[in-house]
Amino acid sequence: MTAFENLYKTSQKNRVLSPAEIDAFGAELDALRQSVMDSVGEREATYIRNVQKFVRYSEIGGRALLMAGIFPPAWLLGAGLLGVSKIVDNMELGHNVMHGQYDWMNDPAFNGNTFDWDTVCTADNWRHTHNYMHHTYTNVQDVDHDIGYGVLRLFPEQEWSPRFLLNPIMAGFLAVTFQWTLALQSLELEKVLHGDKTWKQVREEFKPIGAKMRSKFFKDYVFFPLIAGPFFLPVLTGNIAANLIRNLWTFSIIFCGHFTEDAETFPEDCLKTETRGQWYLRQIRGSSNLEGGRWFDFMTGNLSYQIEHHLFPTVPAVRYKEMSVKVREICQRYGQHYNSGPFTKQFSTVLKRIFRYSLPTAKPTTLAAA
Amino acid sequence: MNANASLSNSKSLNVVAATFQKIFDSNWLDFAVGHVNPLFSVERTKARVVAFHQETPDTLSIELQPNQNWAGFQPGQFVPVRVDIKGTIHERCYSITSLPGADTIRITVKRQAGGLMSTWLHQHLVVGDIVELGAAGGDFTLPALLPEKLLFIAGGSGVTPVFSMIREALKRRADADIVLGFYARNYADFILLDELEALREKHANFRIQLCITGERMFAEDLVGRFSGKQLKQYCADFADRAAFVCGPAGLIEAVVAHHDEAGLPLSKEYFGLPPVAKTPGASAEVVYLKSGMTVETSEPTLLQAAEKAGLKPKFGCRMGVCNSCTCTKKEGVVRNVISGDIDDTPNSLIRLCISEPLSAVKLDM
């Protein structure tokens, strides 16, 4: 079987499409994207400006409350509010703006190429590893570094090695320290383990990352506690808690994006001849949605619509909900499985993967979804 | 306060500012201070609308008070004005009609039929609004040493930079010998004429000749488009004068042809859109501003053009998705090869991998 046939004979939940059907499928999605982008304008500009105001005012409110954090209710509310601010800055604002979703505004404050978010991950590294590598090569084995982030084994196609016995511990560690470990992702430290990279190279690449880490560490763990004077402890612990809240939440949502039960990975060979329509199919098969209300959508940065995000990364994410109706309908007509479910259910299948693939499993002969 | 104390004060101020920048970026500072002073910005030049003056039914002068980032201008230069129209920031350049040294600057905007920015400025701008400005630009200025005799030829709203230059010339030398040939289709288009005539009253050596292509109303005005013969009628010694022309392409081309033939130098500034010349298969000129290169290309996309030119632009998916090749198009017209959309706005972000040049293009790379 050729890689092409392999690719399109995978999960039984998907009908095998002919090349003509795949082209038509792609054309329908192109048309959907164009019709939405034609209507993008003042509403979306106002929306993203309001999101930024929300991030800023909730940060001010959270930090102010933590100054009075000696009172437990103020501490709880402050840490929570600051955590929410960091989540929205990270997801609905930062991630989406950096995709270039708001470049059409011609506003330097929302320029995807120059925008920086309030986490230790440098914007330039993120733009490279996420916008380019992850989105172009989504779920392609040995190319998409997000499959396991170099430290986890989540699919049977990944070769087992004893270090993966630590899967659950590594996952927990990743979750708690997510903003720091994500910042280190572009260093690809696992390559040093295999001798494919030297520490010298790592040290060089680390320079801009280290600079940003120091400045953000200073902001949350030195500056704000200092200006609180005698009340520095609640501010310090509150900032730690807010960062932890953000880490755990972003980890959970992001891991539900591509590691749920029905998510598929693809062999590197498929990239050689992939057409635009096939690229769309791979995005759908490698992604999964989460069902929740409007606030859930907002707090996930609309990654509850991971499928739509992967089909249309440059469309303002606030439009994904409306697009999902049409995407679902197109998938149904073409016999493609639309992977969607409630958060708890989807997340439980991710946990299952973390535990199952910590142990050696037989390498699949065909590319079966796990 | 002695020198040492003030030096250490400024050093500690720099440390404080540097610390602040680590924690709050310039956008955050703009946001915070903006609550009390919306004109404030760390890096961006903003201006408040302080007054309007309706020059003619379709020409509006707008007086703007810029913030501390405004670096001034030379008479004859233009200023890029940026406003948010329906969620997108649009930019157009307007000649400054006031003189340097004042607290405010004035632009005079003619409402163009179907013009997005000019219509919006006329209909929606109110006193107190804040707009953004770019740095003043343009080479259409007076030389440092004022020539003995000057000839200005202006067509319609092309009189705006000329107006500023005439004021400056008369300020430098009250008896400067200046001839202004002012061209328009009809009398309503002679904008700023009352101010020019007031200057003429005060300066004996400043002459104005109105030339109308439509219906003439006064005997002293000339009829018809620019020609060498017509020029001799109102300015026999044109060959002795430093010459400046500004207006629509037709007028400029006529004056350029005349002066070229006579072997005379000429300063010019075009008002109006650049010609969109590219036919399929034809080549387009691409200027890479940061690399200092100009290239003629017939490559289908700007990414391929840059690579062929030996530049190593950042790229990713090469299919318009990942945004890695995004770059600022300073000016020019491009077509999105996936959607077919045309982009002719100055200072807009484009993805090189899916942009086809349709005219001469200037890129910020």
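**Note on the predicted model: sheets, aromatic pairs and a surface patch**

1. B:K46 sits opposite B:E132, a residue of strand 6 of chain B. The model is a predicted one. The strands behind this point are strand 1 (residues 45–56) and strand 6 (residues 130–133) of chain B. They pair in the antiparallel sense, over four bridges.

2. The wider setting is an open sheet of six strands in chain B. Its order is 4-3-6-1-2-5, and the pairing is antiparallel. Strand 4 (88–95) and strand 5 (105–110) of chain B stand at the edges. Each has a single partner strand, so one side of each lacks a neighbour in the sheet. From one strand to the next, the twist averages 40 degrees.

3. Chain B also holds an open sheet of five strands, in the order 14-13-20-15-18. Here the pairing is mixed. The edges belong to strand 14 (293–297) and strand 18 (348–351) of chain B. Both have a single partner strand, so one side of each is left without a neighbour in the sheet. The twist in this five-stranded sheet averages 35 degrees from one strand to the next.

4. One parallel pairing can be checked by residue. Strand 13 (residues 284–288) and strand 20 (residues 361–363) of chain B run parallel and are joined by three bridges. B:V287 has B:K362, in strand 20 of chain B, as its bridge partner.

5. Next, the aromatic contacts. Over all chains, the structure has 32 aromatic pairs. One of them is A:F296 with A:F343: ring centres 6.1 Å apart, planes at 55 degrees. That angle makes the pair tilted, because the tilted class covers planes that are neither under 30 degrees apart nor over 60. The pair links distant parts of the chain, 47 residues apart. A:F296 lies in helix 12 (residues 294–299) of chain A, and A:F343 in helix 15 (residues 343–356) of chain A.

6. Is each ring's residue buried or exposed? A:F296 counts as buried, at 17% relative accessibility. A:F343 is partly exposed, with a relative accessible area of 22%. The cut-off for buried is under 20%.

7. A separate item in chain A is an aromatic cluster. Its members are A:Y149, A:F155, A:F178, A:F251, A:F255 and A:F259.

8. Last, the surface. A:I70, A:F71 and A:F231 make up a nonpolar patch there. Together they have about 330 Å² of accessible area. A:I70 is in the loop between helix 3 (42–67) and helix 4 (72–98) of chain A. Its relative accessible area is 51%, so A:I70 is exposed; the exposed class starts over 50%.

Notes. Residues numbered from 1 in each chain as written. Chains lettered and ligands numbered in written order. Predicted model: local features only at pLDDT ≥ 70, side-chain atom pairs only at ≥ 80, totals over all residues. Heavy atoms only, no water. Patch = residues over 30% accessible without salt bridge, like charges linked within 9 Å, V, L, I, M, F, W, Y side chains within 5 Å. Areas by Shrake-Rupley, 256 points an atom, 1.4 Å probe, with all protein chains shown as cover. Salt bridge = Lys/Arg side-chain N within 4 Å of Asp/Glu carboxyl O. Helix = DSSP H or I, 4+ residues; strand = E, 2+ residues; numbered from the N terminus. Buried < 20%, exposed > 50% of the residue type's maximum accessible area, 1.4 Å probe, protein only. Pairing = 2+ DSSP bridges. Axes fitted to C-alpha atoms, helices over the stretch in contact; angles between N-to-C directions. Phe/Tyr/Trp six-rings, centres within 6.5 Å; stacked < 30°, edge-to-face > 60°.
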